[in-house]
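The following paragraphs lead the reader through one protein model, from its overall build to its cores, pockets and selected residues. Please keep the structure in view while reading.

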Amino acid sequence: MARFITLRLLRAALTIALVVTFAFIVLRMSGDPAQIILGPEADPEAIRAFRKSWGLDAPLWQQYFQYFGAIAQGELGRSMRDGRAAIELVAERIPATLALTLPALFLKLAIGIPAGIFAALNRGRFADRAIMLLSVAGFTVPSFVLGLVLVLVFAVQLGWLPSGGQDSWRHAILPILTLGIGGAAVLARFTRSAMLEVLGQPYIRTASAKGVPWRLVVTGHALPNAAIPTVTIVGFMVGSLIAGAVVVESVFSWPGVGRLLVVAVSNRDLAVVQCILLLVAATMVASNLIVDFLYGFLDPRLRQASGKAGA
């Protein structure tokens, strides 16, 4: 088990390092921050002074090692726009993002998992076909299109809800629905597939042949085993809470981390972009670690395999 945990932690650290490296290189290849922030009409002397003050005149390899050294000391840089600490700017936006993504996650779970189970238990019937049709539609429609449709219907045509902003809880309803519907559709499809695979296993038929009530077969045998692959997609959804809100926050003018990322990218505010990407990578890696550990509780075979590997 110690070896299992160590390998997972090393893989997590390597993943974060690769994400940070990729972001560092791509951002510096995408444009000169000095030229964008100061404007195309800026004096060349001012541009040189700006680059020097922010260390952009140093060789790329030197900037790279300086950046990693700063991360090791807990320093994530400062915004080139106003000089504030990048982590401070991001931390201010996290509550707004979580106000959307956490309710949306609960909505995905509350709709997607029961719908997938119900569809699997009624395979081939009208309910199964209807749920799968809706899930395919929810899965294939891009989030920005779904958001615009919801705005058109509930804000423009019916006038029930505001189309954007963050003035009251009513402003959060449409963004939460936009995030939740697509995720629920994905979760319904995965849950249905997992349930159908488990329901086709020999031990399910054996339990039924022995006279075990179908309700107990489903709750005692099928659901625990179908939960293993479902946990994977749920873990991915938890890990993408921040990253998944980028488009929706832009559509609904919601002042969260996702919208801050869009603005920072357009302004080439390197420290802010790198800070957000580091936060997203850390969240994804942490959720995957939790999923790996949950596998050991859900599947005894994995615990035994981990124990043999540690031995």
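A residue counts as buried when its relative accessible area is under 20%, as exposed when that area is over 50%, and as partly exposed in between. L277 has a relative accessibility of 29%, and therefore counts as partly exposed. The model that contains this residue is predicted. L277 is found in helix α13. When neighbours within four places in sequence are left aside, its contacts are with V19 and A23. L277 and V246 stand 31 residues apart along the chain, and their C-alpha atoms are separated by 12 Å.

With these terms in place, the whole protein may be considered. It has 14 helices and zero strands, so that the order of elements from the N terminus on reads α-α-α-α-α-α-α-α-α-α-α-α-α-α. The C-alpha trace spans about 85 × 65 × 30 Å along its principal axes. The protein has 311 residues, and 41% of them count as buried. About 16,800 Å² is exposed, and carbon and sulfur atoms supply 68% of this area. Contacts can also be sorted by separation along the chain: among those between residues at least 6 apart in sequence, 73% join residues at least 24 apart.

The interior comes next. In soluble globular proteins, nonpolar side chains tend to be buried together. In this model, the largest nonpolar core has 30 residues, and those with the most contacts inside it are F50, M80, V90, L260, V272 and I276. Two or more residues of this core come from each of α1, α2 (33-38), α3 (44-53), α5, α12 (257-266) and α13. Helix α13 provides the largest share, with nine residues. The surroundings of F50 may be traced in the structure: apart from neighbours within four places in sequence, F50 is in contact with P33, A34, I37, L38, L56 and M80. A second, separate core has 15 residues, among them A104, L146, A155 and A172.

Attention now turns to the pockets. The largest pocket has a volume of about 430 Å³. Its lining consists of 21 residues, and K108, L179, G182, G183 and G244 lie nearest its centre. Helices α5 (86-121), α6 (126-140), α7 (143-157), α8 (173-199) and α10 (214-239) are the elements that give two or more residues to this lining. Of the elements, α8 gives the most, with five residues. By class, the lining of the largest pocket divides into twelve nonpolar residues, eight polar residues and one charged residue.

The second largest pocket has a volume of about 350 Å³. It is lined by 17 residues, and the closest to its centre are R28, W54, Y67, G77 and Q274. At least two residues of this lining are supplied by each of α1 (2-29), α4 (60-72) and α13 (270-298). Helix α4 gives the most to the lining of the second largest pocket, with four residues. The lining of this pocket comprises nine nonpolar, five polar and three charged residues.

Two helices that contribute to the lining of the largest pocket, α8 and α10, also hold residues that merit individual attention. R192 has its place in helix α8. Is R192 buried or exposed? R192 counts as buried because its relative accessibility is 16%. Leaving aside neighbours within four places in sequence, R192 is in contact with G116, A119, A120, R123, D128 and M132. T230 lies in helix α10. With a relative accessible area of 9%, T230 is buried. Residues up to four places away in sequence are not counted among its contacts, and T230 touches L187, T191 and A194.

Two loop residues complete this account. S253 lies in the loop between α11 (246-251) and α12. S253 is not a glycine, although it has a positive phi of about 50°. Its relative accessibility is 33%, and S253 therefore counts as partly exposed. R268 lies in the loop between α12 and α13. R268 is likewise not a glycine, and its phi is positive at about 55°. R268 is buried because its relative accessible area is 18%, a value under the 20% limit.

Technical notes:
Residues numbered from 1 in each chain as written. Predicted model: local features only at pLDDT ≥ 70, side-chain atom pairs only at ≥ 80, totals over all residues. Heavy atoms only, no water. 1 Å grid on protein atoms, 1.4 Å probe; cavity = no way out; pocket = protein on both sides within 12 Å on 5 of 7 lines; lining within 4 Å. Points joined across faces, edges and corners; volume = space filled by probe spheres on them. Nonpolar A, V, L, I, M, F, W, Y, C, P; charged D, E, K, R; others polar. Core = buried A, V, L, I, M, F, W, Y, C linked by side-chain atoms within 4.5 Å. Buried < 20%, exposed > 50% of the residue type's maximum accessible area, 1.4 Å probe, protein only. Contact = heavy atoms within 4.5 Å. Areas by Shrake-Rupley, 256 points an atom, 1.4 Å probe, with all protein chains shown as cover.
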